[in-house]
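Here are my notes on the model you sent round. Please read them with the structure open.

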Amino acid sequence: MSPKNVIFKKVCKDKSVGVYMGKRDFVDRVDSVDPVDGVILVDPEALQGRKVFVTLSCTFRYGRDDMDVMGIAFRRELYLSTRQVYPPLQDREKGIHTRVQAKLLRKLGNNSYPFFFEFPDNLPCSVALQPAPSDVGKQCAVEFEIKAFSAESQDAKVRKRSTVKLMLRKVQYAPEGEGIAPSVETTRDFVMSDKPLHVKASLDKEVYYHGEPIKVHVSVTNNSSKNIKNIILSVDQIANVVLYSNDSYAKCVDIEDSGDSVSPGATLQKVYTLLPLLANNRERRGIALDGKLKHEDTNLASSSIVKEGVLKEVLGIMVSYRVMVKLIVGGMMGSSEVGLEVPFKLMHPKPDAVKESEQEEEIVFEEFKRSYLKGIIGDDDDEEGNVSGGDDMAPKEK
């Protein structure tokens with residue numbers, strides 16, 4: 001059976017403007033990003049002479065909107081682009097870029113108009129920092145949004161009832177190809193020890209998928225006179241928050257305290273298994289998460305892959321991962337540590353692409369209603385909580 005052609009639909013409260021989009025996830029392939037396209041449906045009578053605009057924005061929010069200090073807002077627009085869709089500035093047919101747009105225009109009639117945006121190559125992916133359970137308001141996040149509104153002009157005051165917003169996600173998937181399996185080793189000499197300690201840690205591959213166990217191969221050759229009292233392994237998530245300054249936050253998202261020891265002159269070769277999951281870190285503030293749509297769950301943030309030459313200063317939040325292998329070495333003056341850092345990538349596999357020719361001709365609308373948000377607390381009026389116009393604006397089926 002062919003996959004259904006699902007269309008995301010949302011209408012503003014006064015029914016003057018509606019947004020129709022074929023998808024909400026847009027893939028960043030490092031060298032290119034999926035363009036954002038859709039259709040705006042207008043009601044000329046409800047507009048009462050006002051124009052209709054649509055904007056694509058990328059915002060880095062690092063505090064609640066009501067936390068402004070000395071006129072400085074805790075949010076920054078990394079990107080903003082605006083198009084006038086009504087009255088149209090070009091022939092409607094010239095604005096059609098995809099087959100989905102063409103289908104929607106045929107179905108919705110003469111009061112529908114296409115829009116199209118292209119992402120610049122220097123924007124981050126959708127990511128958020130997990131708030132503490134006691135935190136209120138919107139979390140620190142990089143967010144993408146399509147907003148359609150009617151107004152006398154682009155710079156005129158916009159009425160909330162005449163505005164409709166739809167959250168989008170910019171995502172990256174695991175690159176094709178195996179890559180080089182990471183391996184790190186070190187040799188440590190000690191005072192009053194003729195021979196050194198040699199430690200090696202390696203992984204099976206460079207890229208792991210969310211929910212996939214990570215096997216860590218550890219080899220210890222202890223030719224020193226020191227006693228290895230314990231071996232501790234962990235997965236660290238490093239979130240670089242890049243805006244006005246470059247702040248780095250390392251959070252342990254999985255740990256194994258093995259209790260293994262290696263006496264002087266002995267060796268150890270062992271495979272340890274780590275499994276970093278959001279399910280084990282839901283109460284921890286500051287963990288980076290993949291951006292989510294309001295009524296969906298999410299996971300630990302995927303590793304960031306940056307196009308070569310792009311300025312990292314504009315990237316908002318960048319995420320990377322490493323396996324830490326820490327050896328606790330006993331001694332007369334107390335314990336010391338020998339550590340290794342093994343970098344790897346944590347990502348989603350690339351989903352199977354669905355060809356447009358394989359999709360059903362029938363269009364299925366997915367509307368946004370408050371029933372989707374039952375039990376969710378927050379100021380959702382600005383996002384998913386707008387009342388859907390149902391089929392009031394769409395032409396009836398013949």
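The points below cover cysteines, cores, one helix and one strand residue.

1. **Status of the model.** This is a predicted model. Please keep that in mind for each point that follows.

2. **Cysteines.** How many disulfides does a search of the whole structure find? The count is 0. C125 is in no disulfide. The nearest cysteine sulfur to that of C125 belongs to C58, 9.6 Å away. A disulfide needs two cysteine sulfur atoms within 2.5 Å, so this pair does not qualify. C125 is buried, at 18% relative accessible area. The cut-off for buried is under 20%, so C125 falls inside it. C12 is buried as well, with a relative accessible area of 0%.

3. **The largest nonpolar core.** This core has 72 residues. Which residues have the most contacts inside it? They are V36, I40, F115, I146, V323 and V325. Strand β19, residues 316-329, gives the largest share, 7 residues.

4. **Where that core lies.** Domain 1 covers 5-173 + 351-367, and domain 2 covers 183-347. Both domains give residues to the largest core, so the core lies between them.

5. **Around I40.** I40 is one of the residues with the most contacts inside the largest core. Set aside residues up to four places away in sequence, and I40 still touches a long list. Among them are V17, V19, V52, V54, V85, F115 and A148. The list also includes G18, N111, S112 and Y113.

6. **A second core.** There is a second, separate core of 8 residues. Its members include I7, V39, V100 and L104.

7. **Helix α2.** Helix α2 spans residues 99-108. Of its 10 residues, 7 are buried, so the helix is largely enclosed by the rest of the structure. Which ones are buried? They are V100, Q101, A102, K103, L104, L105 and L108. Note that K103 and Q101 are on that list. V100 and L104 also belong to the second core. G109 follows α2, and its phi is positive, near 95°.

8. **L80.** L80 sits in strand β6, residues 75-86. Is L80 buried, partly exposed or exposed? Its relative accessibility is 46%, so L80 counts as partly exposed: buried means under 20%, and exposed means over 50%. Leaving aside neighbours within four places in sequence, L80 is in contact with T55, L56 and S57. L56 is 24 residues from L80 along the chain, yet their C-alpha atoms are separated by 5.8 Å.

Terms used. Residues are numbered from 1 along each chain as its sequence is written. This is a predicted model: local features need pLDDT of at least 70, side-chain atom pairs count only at pLDDT 80 or more; totals for chains, interfaces and linings use all residues. Side-chain values use heavy atoms; hydrogens and water are left out. Buried means under 20% relative accessible area, exposed over 50%, partly exposed in between (1.4 Å probe, protein chains only). A nonpolar core is a set of buried Ala, Val, Leu, Ile, Met, Phe, Trp, Tyr and Cys residues joined through side-chain atoms within 4.5 Å. Helices (H or I, at least four residues) and strands (E, at least two) are DSSP runs, numbered from the N terminus. Domain bounds come from an automatic or database domain assignment. Contact means heavy atoms within 4.5 Å.
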